[in-house]
Amino acid sequence: MICVAVTYVIQAGHEDEAIEHFIRLTAQTRDEPGCQMYQVHRSLSDHRKFFLYEQYDDQAALDAHRAAPYFQEHVVNGLFKILESRSPELYEPIAG
């Protein structure tokens, strides 16, 4: 399994646009065969900050997610254009 944790900070005034992208992306991503979990969270203290936690069966499943047309639409051509910052990290489980 491979886990992805990403923190996004969205430019002020684009929060609702970001939420729309996250909603559409979440629905499609959760239907991917190799996706075990995909959850978007919004900070209670800074409404421009979003945290994504994702789990995929393996690197191939993550690569397939990133190659999907809706990833291009909602992340590359959507969220990336309204970002202030993004901090991704990849993790693997160490115990059962």
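Two strands pair if DSSP finds at least two bridges between them. Helices (H or I, at least four residues) and strands (E, at least two) are DSSP runs, numbered from the N terminus.

This is a predicted model: local features need pLDDT of at least 70, side-chain atom pairs count only at pLDDT 80 or more, and totals for chains, interfaces and linings use all residues. Residues are numbered from 1 along each chain as its sequence is written, and side-chain values use heavy atoms, with hydrogens and water left out.

**Stop 1: strand β1.** Select residues 2–10. Eight of these nine residues are buried (under 20% relative accessible area, 1.4 Å probe, protein chains only). The strand is therefore largely enclosed by the rest of the structure.

**Stop 2: the partners of β1.** Add β3, residues 49–56. β1 and β3 pair antiparallel over eight bridges. Pick Val6: its bridge partner in β3 is Leu52. Now add β4, residues 83–91. This pairing with β1 is also antiparallel, over eight bridges. Pick Ala5: its bridge partner in β4 is Glu89.

**Stop 3: helices α1 and α3.** Select residues 15–29 and 69–76. The helices pack at about 160°, with axes 9 Å apart. Axes are lines fitted to C-alpha atoms over the stretch in contact, and angles run from 0 to 180 degrees between N-to-C directions. That angle makes α1 roughly antiparallel to α3 (over 145 degrees).

Show the contact (heavy atoms within 4.5 Å). From α1 come His21, Arg24, Leu25, Gln28 and Thr29. From α3 come Tyr70, Phe71, Glu73, His74 and Val75.

Terms used: Parallel < 35°, antiparallel > 145°, perpendicular 65-115°, else oblique. Buried < 20%, exposed > 50% of the residue type's maximum accessible area, 1.4 Å probe, protein only.
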